[in-house]
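Student: I should like to take a close look at a single part of this structure, namely the way in which one pair of helices packs together. Could you please guide me through that part and then place it in its wider setting?

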Amino acid sequence: ACGDSAPRPWMLSPTTTLTAAARLSPLARAARRTSTPSTRACVRLTAVLARPRRATSVDPQPLTVMAAARKTSSTTRRARGARGKTSAANDEAARYGLAGAEKGTTLTWLPTFLTLARVVAVPALAGVYYSDIPHAAVIAGVMFMLAAFTDWLDGYLARKLKASSAFGAFLDPVADKLMVAASLCLLCTRAPAGVAPWAVALPSIVIIGREITMSALREWCAAKGGEAHAAVKVNNLGKYKTATQMVALTVLLLVRDGSSWFANGAYNDALVNGGVYCLWVSAVLALVSLWVYMSGVIGIMMASD
């Protein structure tokens, strides 16, 4: 349509195109006076193609997507790091039985203070038990009852006030074992009247030996983690053992010098015998519960060798 003499746009190099654009400017003006439509169209097309191209702006959409992707990746890394820290904290909390515990801000010191008070009460209990003050055995028994009550109270307050801590969870079983072991030792040295020494010494050995074994077992399972840690969670046998043990020690401490303070001693023999029986029941439950714990862990120990 443009004729053989008309320049073809696709036949022009960039330099030639720029030169042609300068030369076609008069031609384009002359083309307006040309009566041939095909010539005017060809000249216009050539002039348009010969114009220098303006730099196109960069589409911001891909940059926005890339920035969002980098931000998402950074957020994901931070979230993974936070989850890793949370997982480590949960493992540490689970080791002390604090999984799911929340932190509070009100009276957070109270549960730990009660636990420390039980530790301090151990030598005080021994001092009162061997003292010559009136009703020393009764006072010692009351001290033991208060210690047993604070054992429940500090755990309740820790949950209620959301004041659980790793230190408190570590110290709580230590205080319990110290109080129980000290009471058993005191009764072995000065048993209630009419009670054979071996009747208190044998179950005391069983109970203290079981506590030492369980402490070592729980430490190994906590280090092992996973299935081993779940195998040594407190069961009902352990709770029954603790209950009978507390009853036995309280009664035997109170009636060491008789029970004239209660119904003028009318039930002295019943109280003494009941305390000894509870102590033996506690020793049997201690052995059974130890067997239950060991049976769940012994396979894991053998597989670890």
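**The packing of α5 and α9**

Tutor: In this predicted model, helices α5 and α9 pack with their axes 7 Å apart, at an angle of about 160 degrees. Because an angle over 145 degrees counts as roughly antiparallel, α5 is roughly antiparallel to α9. The crossing of this pair is left-handed.

Let us consider which residues form the contact. From α5 come Ala137, Val138, Ala140, Gly141, Val142, Phe144, Met145 and Ala148. Helix α9 contributes Met246, Leu249, Thr250, Leu253 and Leu254. Sorted by class, the contact of α5 with α9 holds eleven nonpolar residues, two polar ones and no charged ones. In soluble globular proteins, nonpolar side chains tend to be buried together.

The wider setting begins with the largest nonpolar core, which has 29 residues. Met179, Leu187, Leu249 and Leu279 are the residues with the most contacts inside this core. At least two core residues are supplied by each of α4 (109–129), α5 (136–160), α6 (166–189), α7 (197–224), α9 (236–254) and α10 (268–304). Another core, of nine residues, lies apart from the largest one, and Leu217, Ala228, Leu290 and Val297 are among its members.

Met179 deserves attention within the largest core. Leaving aside neighbours within four places in sequence, Met179 is in contact with Arg118, Ala121, Val122, Leu125, Phe144 and Ala147. One of these, Phe144, is also a residue of α5 in the contact with α9.

Helix α9 has a further partner to examine. With α10, α9 packs at an angle of about 155 degrees, and the two axes are 8 Å apart. These two helices are therefore roughly antiparallel to each other. The crossing of α9 and α10 is left-handed. The contact between them consists of 17 nonpolar residues, six polar residues and one charged residue.

Gln245 offers a single residue to follow within α9. Gln245 counts as buried because its relative accessibility is 3%. Apart from neighbours within four places in sequence, Gln245 is in contact with Val180, Ile207 and Ser282.

On helix α10 we may turn to Ser295. Ser295 counts as partly exposed because its relative accessibility is 41%. Although Ser295 and Ala231 are 64 residues apart along the chain, their C-alpha atoms are separated by 9.1 Å.

Thr115, in helix α4, provides another residue to consider. With a relative accessibility of 3%, Thr115 counts as buried. If neighbours within four places in sequence are set aside, Thr115 is in contact with Asp154, Leu171, Asp172 and Ala175.

Finally, we may consider the chain as a whole. The chain has ten helices and zero strands. Of its 305 residues, 31% count as buried. Among contacts in the chain with a separation of 6 or more, 80% are between residues 24 or more positions apart.

Technical notes
Residues numbered from 1 in each chain as written. Predicted model: local features only at pLDDT ≥ 70, side-chain atom pairs only at ≥ 80, totals over all residues. Heavy atoms only, no water. Core = buried A, V, L, I, M, F, W, Y, C linked by side-chain atoms within 4.5 Å. Buried < 20%, exposed > 50% of the residue type's maximum accessible area, 1.4 Å probe, protein only. Helix = DSSP H or I, 4+ residues; strand = E, 2+ residues; numbered from the N terminus. Contact = heavy atoms within 4.5 Å. Axes fitted to C-alpha atoms, helices over the stretch in contact; angles between N-to-C directions. Parallel < 35°, antiparallel > 145°, perpendicular 65-115°, else oblique. Left-handed = near helix turned anticlockwise from the far one by under 90°. Nonpolar A, V, L, I, M, F, W, Y, C, P; charged D, E, K, R; others polar.
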